[in-house]
Amino acid sequence: MLKITPHLGILVIIVSIAGLWFPLLGYFLMLVFATLLVTSYFRGRWFCGNLCPRGSFNDFWVGKITRNKKIPAILRSYWIRIPLFLLMMGFMGYRLLSTQGLINQIGMVFVIMCLVTTTIALVTGASISPRTWCTFCPMGTVQNIIGGSKYQLKVDDSKCITCKKCDKVCPMQLEVHNNSKKPDCIKCGRCITACPTKALAFEA
Ligand code: SF4
Ligand code: SF4
Ligand code: SF4
């Protein structure tokens, strides 16, 4: 992850709370959407592990109060993720149309969206695991679909001693030591740091 990654979570609080009085802060989400759409084309879900304020909030704020349980496999299913994506986009589109183009009201739609999704991330993160929301977040699903095969993590089987230290530190609870495609890898690099034999690396 980047040096700035642990500090980005504060932006979630600013937009979700201060945005209720200053709706223009909601436009920050448009910058987030645009950035993740571009980066996902080249590096899959890299944005999630390095630049997303809510990802940082989940790891470094919610991580302090989580129960650290196993994330239910059903939440990774496209049968949940795609309908949720369509539902949220449809609802946001409907809300945006009802603003009649008023600048402050458009900003407020994004602020409310941020507040609602942050609340879900907080509750699921505290009761299950910090990145629970990130397993089915519509913006994570979009990045998975656009660039899930890009910048893959590779295991050098000749160096791997199957200690599974990589699995233990993965915030997305992936089976890191398996040399399979991992479209939901958020490229945080924690597994690479934890590996005692330097068996892990991202493909160029
Ligand atoms: S899954 Fe969503 S909330 Fe989580 S880091 Fe990615 S974009 Fe941010
Ligand atoms: S931490 Fe490294 S050596 Fe251990 S299982 Fe993972 S890849 Fe293999
Ligand atoms: S596989 Fe490694 S880089 Fe990917 S999310 Fe898990 S710990 Fe981070």
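**Exercise 1: salt bridges.** How many salt bridges does the rule give, where a salt bridge is a side-chain nitrogen of Lys or Arg within 4 Å of a carboxyl oxygen of Asp or Glu?

*Solution.* The count comes to five salt bridges. Before going on, keep in mind that this is a predicted model, where local features need pLDDT of at least 70, side-chain atom pairs count only at pLDDT 80 or more, and totals for chains, interfaces and linings use all residues. As for bookkeeping, residues are numbered from 1 along each chain as its sequence is written, chains are lettered from A and ligands numbered from 1 in the order in which they are written, and side-chain values use heavy atoms, with hydrogens and water left out.

**Exercise 2: a network.** Which residues do salt bridges with shared partners join into one network?

*Solution.* Step 1: start with Asp184 and Arg45, whose side chains meet at 2.7 Å, N to O. This pair links distant parts of the chain, 139 residues apart: Asp184 is in the loop between helix 9 (165-169) and helix 10 (190-194), and Arg45 is in the loop between helix 2 and helix 3 (46-50). Helices here are DSSP runs (H or I, at least four residues), numbered from the N terminus.

Step 2: look at Arg81, which forms a salt bridge with Asp184 at 2.9 Å, N to O. Arg81 sits in helix 5 (residues 78-97), 103 residues apart from Asp184.

Step 3: put the two pairs together, and Arg45, Arg81 and Asp184 make one network.

Step 4: check the cover. Both Asp184 and Arg45 are buried. Arg81 also counts as buried, because its relative accessibility is 0% (buried means under 20% relative accessible area, exposed over 50%, partly exposed in between, with a 1.4 Å probe and protein chains only).

**Exercise 3: another pair.** Arg190 and Asp59 meet in a salt bridge; is Arg190 buried or partly exposed, and is Asp59 buried or exposed?

*Solution.* The distance is 2.6 Å, N to O. Arg190 belongs to helix 10 and Asp59 to helix 4 (residues 53-60), so to speak two distant parts of the chain, 131 residues apart. Arg190 is partly exposed because its relative accessibility is 22%, while Asp59 is buried, with a relative accessible area of 12%.

**Exercise 4: phi angles.** Where do Gln100 and Lys187 lie, and what is phi for Gln100 and for Lys187?

*Solution.* A reminder to begin with: most residues other than glycine have a negative phi. Gln100 lies in the loop between helix 5 and helix 6 (103-127), and its phi is near 55°, a positive value. Lys187 is in the loop between helix 9 and helix 10 and has a positive phi of about 55°. Now the cover: Gln100 is exposed, as its relative accessibility is 71%, whereas Lys187 is buried at 4%.

**Exercise 5: a helix residue.** Which residues does Thr132 contact, leaving aside neighbours within four places in sequence?

*Solution.* Thr132 is in helix 7 (residues 132-136). With contact meaning heavy atoms within 4.5 Å, Thr132 touches Ile71, Leu75, Thr124 and Gly125. Thr132 counts as buried because its relative accessibility is 0%.
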